[in-house]
Amino acid sequence: MAQFRLQGSKVLAVDMTGDAVKAKNGSMVAYEGDMTFKKMTGGGDGLRGMVTRRLTGEQMTVMEVKGHGTCYFADRASEINLVSLNGETLYVEASNLLCTEASLRTGTSFTGLRGASQGNGLFTTTVEGTGQAALLSDGTAIVLRVTPQTPLSVDPGAYIAHTGRLQQHFQSGVNFRTFLGEGSGEAFQIRFEGDGLVYVQPSERTTIGGDV
């Protein structure tokens with residue numbers, strides 16, 4: 001099994017003994033030992049994942065890295081966050097996914113308007129199974145717990161990923177600047193309810209709803 005560890009906060013080191021990982025194409029910055037690199041088409045598992053991504057326009061080009069030794073990954077000096085999955089599903093924006101163990105299944109899932117926060121259509125990337133994944137964030141991410149008693153509202157430009165049994169509701173025409181009287185009324189919020197974790201970065205993307 002590949003072992004994920006951080007070298008500082010912006011470099012992921014993966015120790016492999018004949019294992020394989022799937023990583024964002026071009027994210028390898030160095031390696032020790034004997035490694036092979038293979039570009040993978042699509043980013044989802046099988047033909048269905050490839051076709052879905054083509055139809056939705058979601059871009060996620062990945063490579064398979066396999067071998068013996070240590071491989072180092074990074075992407076534009078972004079912060080890296082490790083997530084351990086135990087039979088769960090991780091929902092993550094494609095651009096925020098750096099690396100996963102090869103045993104984890106990747107694909108796409110319909111999630112509604114939130115998936116379009118980066119022009120990715122109405123789908124988002126899913127990672128399922130047992131193993132580790134590494135997420136990218138613009139700045140140090142925070143992990144917020146949602147419970148039935150404490151729902152959470154998130155700016156879609158700051159959203160990275162979530163796990164757990166969460167329901168999403170979208171409030172169009174409302175954003176955080178609206179509360180200050182500065183909003184255009186074109187943006188929206190994501191409201192999470194249920195039981196799970198939401199990963200949020202301290203930086204905002206430009207979304208289809210405008211600046212939020």
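Read from the N terminus, the elements of the chain follow the order β-β-β-α-β-β-β-β-β-β-β-β-β, which amounts to one helix and 12 strands. The model is a predicted one, and its mean pLDDT is 81, with 73% of the residues reaching 70 or more. Over residues 114–121, however, the pLDDT is below 50, although this stretch has 26 contacts in the model beyond near neighbours in sequence. A further stretch, residues 207–212, also stays under a pLDDT of 50, and here the model places 21 contacts beyond four places in sequence. Where pLDDT is low, predicted coordinates should not be read in detail.

Strand E4, which spans residues 62–73, pairs with strand E2 (residues 11–24) in the antiparallel sense, and 12 bridges are found between these two strands. Within this pairing, Val21 lies opposite Val65 of E4. Strand E4 is likewise joined to strand E3 (residues 28–40), again through 12 bridges and with the strands running antiparallel; in this case Tyr31 is the residue that stands opposite Cys71 of E4. Strand E4 thus has pairings with both E2 and E3.

At the level of the whole chain, which comprises 212 residues, buried residues make up 48%. The accessible surface of the chain comes to about 10100 Å², and carbon and sulfur atoms contribute 50% of that area. Among the contacts in the chain with a separation of 6 or more, 77% are made between residues that lie 24 or more positions apart.

Key: Residues numbered from 1 in each chain as written. Predicted model: local features only at pLDDT ≥ 70, side-chain atom pairs only at ≥ 80, totals over all residues. Heavy atoms only, no water. Pairing = 2+ DSSP bridges. Helix = DSSP H or I, 4+ residues; strand = E, 2+ residues; numbered from the N terminus. Buried < 20%, exposed > 50% of the residue type's maximum accessible area, 1.4 Å probe, protein only. Contact = heavy atoms within 4.5 Å. Areas by Shrake-Rupley, 256 points an atom, 1.4 Å probe, with all protein chains shown as cover. pLDDT = per-residue confidence, 0-100.
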